[in-house]
Structures are given as C-alpha cells and as structure tokens.
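Here are some exercises to work through with the model open beside you. Try each task on your own before you read its solution.

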Amino acid sequence: MNRPIASDVDAVVIRRDTAVDGVVVFELAAREGQALPVWTPGSHVDVLLPSGLIRQYSLCGDPGADRWRLGVLREADARGGSLWMCDSLREGQAVRLAGPRNHFHFDPEPGVPVILLAAGIGITPILPMAAAARDAGIDYALHYSGHEGRMAFLPELAAAHGERLVTHLSERGERLELDAVLAAAAPGTRVYCCGPAGFIDAAERAAAAAGLDFHTERFEAETLTAPVWPEPFEVELALSGVTVTVPPERSILEVVEEEGVFVLSSCHEGTCGTCETPVLEGEIDHRDSILTPQERARGDVMFICVSRAACPRLVLDL
C-alpha cells in the first residue's frame with residue numbers, strides 16, 4: 001500500500017462540459033504556471049469544498065497530460081460534493097485540491113490478461129486503466145454497463161478500444177453476465193472493477209468463484225459487522241508519546257483527535273484512504289472498503305476512521 005502523495009494543488013477550471021445526462025466533466029490546470037503532480041491509473045484527488053468538506057473524485061484523463069480531468073455524477077442525495085461541482089463550479093473558477101492518491105493500482109504485466117468492469121460513473125478510474133492496458137500491448141477487455149444516454153465517455157472509449165469495448169445497456173436487456181464472463185477468462189486473469197456496491201459485490205463473488213485476482217475501488221462503504229474485539233483497547237501513539245483508550249462506541253480517529261493529534265481525514269467511513277496510518281504493533285480489525293485481502297494480511301497499515309484493534313493494544317506511527 002503506498003502512502004498518499006503529500007501535495008496541495010491550487011487549480012483552475014479551464015473547461016467544463018456536460019458529457020451525458022447528469023455527468024459533468026471538468027478539465028483542471030495548475031494556477032500560476034505550476035505543474036500538476038504526476039499520477040497513475042486508479043488515482044483520485046481530494047476536492048476541498050467551500051463548506052469545508054472534502055470529497056474524492058477519480059482522475060480519468062491521460063496521466064501524461066498537463067491537465068487533470070474529473071467526471072462527476074450529479075447526485076441529488078449526495079453528501080454535498082457533486083451538487084456543488086455540477087451546479088456551481090464554472091470555467092475560470094479556482095478550486096483547491098489535494099493528492100493525488102492511489103488505492104486502486106493498475107500495473108499491467110506482459111502476458112497477464114486483464115478484464116475491466118465498470119458500471120455507471122465507475123467508468124472514471126477504469127478509463128485510464130484501459131488506455132494503459134492498450135498501450136502495454138496486453139490482452140484486455142472492457143465491459144461497461146449502464147443506462148442508455150447516461151454512459152459517459154462512450155464515443156471516446158469506442159474510438160480507443162474498438163472491439164475490446166463491450167457495452168451492456170440496461171434498457172436493451174443487454175445484461176452483463178458476470179459469472180459467465182469471468183468463468184470464461186484465462187487462468188491468471190486480473191479483474192479490475194468499479195461501480196455501485198451491488199455491482200462490485202456481484203463481480204467479486206464471480207471472480208472468487210473463477211479463482212481470479214480481483215481489484216476494486218468502492219465509492220460506497222461496505223456494511224460494518226460486529227467488531228472482532230468488542231472491549232475497549234489501548235492505542236499507543238509512538239511519535240506523540242501518548243497512549244489513549246478507545247471505547248467500543250468511538251473510532252480511533254475521534255479519540256486521537258481529541259488528544260490534539262492531527263490526522264488527515266475525509267470520508268469517516270473507510271472509502272477514501274485519507275487517514276491511512278502505519279501500524280507498528282498489534283492485530284488489526286480491518287473494517288475499511290479499500291485494502292485487498294493480501295494488504296490486510298500484511299498488517300502494516302489501517303484506516304483509523306473505521307478500523308479497530310483485534311487485540312487489547314495497538315501501536316501506531318502517529
């Protein structure tokens with residue numbers, strides 16, 4: 001798991017387009033002639049809203065370009081980010097960003113085939129992955145599901161990927177049969193998936209049944225189950241020289257912030273990765289929607305907004 005790239009970016013909107021119904025695409029450039037930080041497919045940035053809230057959006061342009069591109073779905077019942085972005089953010093307007101960060105890494109390897117699965121606005125992190133797969137010359141397929149007239153970037157994707165792009169339009173009954181598609185994949189195929197929670201859950205089950213390596217990024221938090229360690233536990237903050245007690249009803253993040261220890265955070269539900277914290281000692285009850293099973297098994301990082309101790313004591317590098 002990579003640590004977040006520490007950077008704050010003052011950007012300006014240089015172009016704003018309505019891609020399809022409900023999706024607005026923004027192109028951003030750094031202000032005052034500065035260069036934007038580099039990024040890799042799967043990266044997202046934090047957008048600092050005027051309200052003080054922070055929201056995350058996937059980068060969906062060309063990693064080699066001097067501009068950043070974000071595709072934003074306007075959601076009336078969202079937590080405030082998409083409404084401000086789609087209704088208020090205009091060309092020429094400044095916007096404060098942080099990042100990029102990448103918890104959804106895509107590293108194409110020669111001879112390793114890839115299946116890319118996207119539904120709805122989940123196409124945004126998948127789009128640069130498809131371009132990277134094409135440029136790497138590996139065997140890949142991109143399956144994109146959605147509603148007719150609401151699937152962003154379709155002309156661009158069709159021109160770039162031809163027959164490797166398979167669309168599944170709900171209104172036409174073109175259901176993506178995940179079990180069949182993944183069962184037919186070659187052994188060793190890697191699956192990358194993004195979209196609504198139900199779509200990701202179904203794809204994850206199908207990949208597991210087919211014995212395929214599965215990678216995802218969730219925009220919605222997974223449902224939390226009962227904690228492994230239901231009692232209070234101690235957390236030693238190695239850098240601060242402070243030890244705190246975390247009760248069952250509070251998060252580690254809340255308790256350490258109360259002690260005056262500053263931790264970058266955003267979503268408070270284990271989806272954005274902002275509060276990633278190195279773990280020096282102790283067993284972790286991972287409750288985030290980010291880490292893969294392999295990353296969890298390493299036991300070296302946790303997201304303290306939701307994850308807890310699976311033992312009486314943790315030591316964190318805070």
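**Exercise 1: The second largest pocket**

Strand 11 gives the largest share of the lining of the second largest pocket, namely five residues. Keep in mind that you are looking at a predicted model.

Task: Find the residues nearest the centre of this pocket, and describe its lining.

Solution:
- Step 1. Start with the space itself: the second largest pocket holds about 670 Å³.
- Step 2. Its lining is made of 31 residues, and F214, I290, L291, T292 and P293 lie nearest the centre.
- Step 3. Now look for the elements that give two or more residues to this lining: they are strand 10 (190-195), strand 11 (213-218) and helix 7 (293-298).
- Step 4. Sort the lining by residue type, and you get nine nonpolar, ten polar and twelve charged residues.

**Exercise 2: A closed space**

Task: Work out which residues line the largest cavity.

Solution:
- Step 1. The structure has one cavity of 30 Å³ or more, and the volume of the largest cavity is about 40 Å³.
- Step 2. Its lining consists of H103, T216, E217, R218, T271, S289 and I290.
- Step 3. By type, these lining residues are one nonpolar, four polar and two charged.

**Exercise 3: Reading a sheet**

Task: Give the strand order of the open sheet of five strands, and say which strands stand at its edges.

Solution:
- Step 1. Remember the general rule: strands of a sheet pair through backbone hydrogen bonds, either parallel or antiparallel.
- Step 2. In this open sheet the order is 13-12-18-14-16, and the pairing is mixed.
- Step 3. Strand 13 (242-246) and strand 16 (301-303) each have a single partner strand, so one side of each has no neighbour in the sheet and they form the edges.
- Step 4. On average, neighbouring strands here are turned by 40° against each other, direction ignored.
- Step 5. Zoom in on one pair: strand 12 (residues 233-237) and strand 18 (residues 313-316) run parallel and are joined by four bridges. Within this pair, E236 has V315 of strand 18 as its bridge partner.

**Exercise 4: Buried parts**

Task: Is strand 5 largely enclosed or left open? Which residues of helix 1 are buried?

Solution:
- Step 1. Count a residue as buried when its relative accessible area is under 20%.
- Step 2. Five of the six residues of strand 5 are buried, so the rest of the structure largely encloses this strand.
- Step 3. Strand 5 pairs with strand 2 in the antiparallel sense over six bridges; V24, for instance, has V72 of strand 5 as its bridge partner.
- Step 4. In helix 1 (residues 81-88), the buried residues are G81, S82, W84, M85 and C86. They pack against several strands, including strand 2 (23-30) and strand 5 (68-73).

Definitions and conventions
Residues numbered from 1 in each chain as written. Predicted model: local features only at pLDDT ≥ 70, side-chain atom pairs only at ≥ 80, totals over all residues. Heavy atoms only, no water. Buried < 20%, exposed > 50% of the residue type's maximum accessible area, 1.4 Å probe, protein only. Contact = heavy atoms within 4.5 Å. Pairing = 2+ DSSP bridges. Axes fitted to C-alpha atoms, helices over the stretch in contact; angles between N-to-C directions. 1 Å grid on protein atoms, 1.4 Å probe; cavity = no way out; pocket = protein on both sides within 12 Å on 5 of 7 lines; lining within 4 Å. Points joined across faces, edges and corners; volume = space filled by probe spheres on them. Nonpolar A, V, L, I, M, F, W, Y, C, P; charged D, E, K, R; others polar.
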